[in-house]
Amino acid sequence: MILTSQSETKVSMAMRQTPLTCSGHTRPVVDLAFSGITPYGYFLISACKDGKPMLRQGDTGDWIGTFLGHKGAVWGATLNNEATKAATAAADFTAKVWDAVTGDEVLTLAHKHIVKSVNFTQDSSCLLTGGNDKIIRIYDLNKPEAEPQEITGHTSAIKKALWCNNDTQILSAADDKTVRLWDRNSTEVVKQLSFDMSVSSMEYIPDGEVLVITYGKTIAFYNALSLDMIKTVDAPASIHSASLHPDKDFFVAGGDDFKLYKFDYGTKEELESYKGHFGPVHCVRFSPDGELYASGSEDGTLRLWQTAVGKTYGLWKCVLPGEFSCLIPNE
């Protein structure tokens, strides 16, 4: 049976979104990140206030392992592109680097306050951290005994710090209601955005140099190099996180009203909204292949959602004909 694009749209609309629920955490899930696509698929790491970040198979949500060692809530987590290294940021005043294959702790990087954000360079040689002491730090992972390079300027806690422009620049968002673009070598501010309220999340898309920022009910898109605004979209509720699809056809967002929203990136039209979580949505990210997006919530779960409802992918099996439905085996 060959479906035209119009038929595909009708089929998708007729089918019910059935998210995969990933349990295991005991407190709110506050951050998540995908690896790149590896020979073994892609992977998903989650940060949770239970202090136990978890690694999962990205397309199925199957649990692989838990990184044990933090003594406080974990606020940030990331994987390198190859999914060989993980990094976590925690309330115990440390960032940790892990071997993502064995689960072993590789490094503990002591800070002076709660750490909120961790991000690897593309070659995994350096780690960027940010947190409540208002300082951005760059650690050379090949010289773990060396003091980190420090970048100061923010006047409140840093929520997110990300490499950009082929790791030559850094983007940071803080509770001082600013987003700043820094030069890595000079450590000077290149550009700055100021807002009327704190930024709730920030995503950087290297392909096309797009920066996605959320604050209040607004999802804003900027050129990451110039910080020129591309467009803004207002959502029905306060938004905590948003993610742009790799093809830039649409984006998803979640926040206070427990829902996941999907918007057309070109027209800014709301396409769909789904309620599956039982608490506010703290984080949402598309998978590297764009086939699904993951959300983390106050309810302690992660959920995986299909980008194209009804497609056979991962654990989703499409059943035709008859009443359209998507089945998840062993649920």
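This passage describes an open sheet and the surroundings of one serine in a predicted model.

Strands of a sheet pair through backbone hydrogen bonds, either parallel or antiparallel. In this model, four strands form an open sheet. Their order is 2-3-4-5, and the pairing is antiparallel. Strand 2 and strand 5 are the edge strands. Strand 2 covers residues 29-34, and strand 5 covers residues 63-66. Each of these edge strands pairs on one side only. From one strand to the next, the twist averages 20°.

The pairing of strand 2 with strand 3 can be followed further. Strand 3 spans residues 43-48. Five bridges join strand 2 to strand 3, and the two run antiparallel. D31 has its bridge partner in strand 3, namely A47.

The serine is S297, which lies in strand 27. This strand comprises residues 292-297. The relative accessibility of S297 is 0%. Buried means under 20%, so S297 counts as buried.

Two backbone atoms lie 3.0 Å from a polar atom of the S297 side chain. One is the backbone oxygen of P280. The other is the backbone nitrogen of D299.

Leaving aside residues up to four places away in sequence, S297 touches P28, V29, H277, G279, P280, V281 and H282. P280 is thus listed among these contacts, and its backbone oxygen lies 3.0 Å from a polar atom of the S297 side chain. V29 is also touched by S297, and residue 29 belongs to strand 2, an edge strand of the open sheet.

How values were computed
Residues are numbered from 1 along each chain as its sequence is written. This is a predicted model: local features need pLDDT of at least 70, side-chain atom pairs count only at pLDDT 80 or more; totals for chains, interfaces and linings use all residues. Side-chain values use heavy atoms; hydrogens and water are left out. Buried means under 20% relative accessible area, exposed over 50%, partly exposed in between (1.4 Å probe, protein chains only). A polar contact is a pair of N or O atoms within 3.5 Å; within protein, one must be able to donate a hydrogen and the other to accept it, and residues adjacent in sequence count only if both atoms are side-chain atoms. Contact means heavy atoms within 4.5 Å. Two strands pair if DSSP finds at least two bridges between them. Axes are lines fitted to C-alpha atoms, for helices over the stretch in contact, and angles run from 0 to 180 degrees between N-to-C directions.
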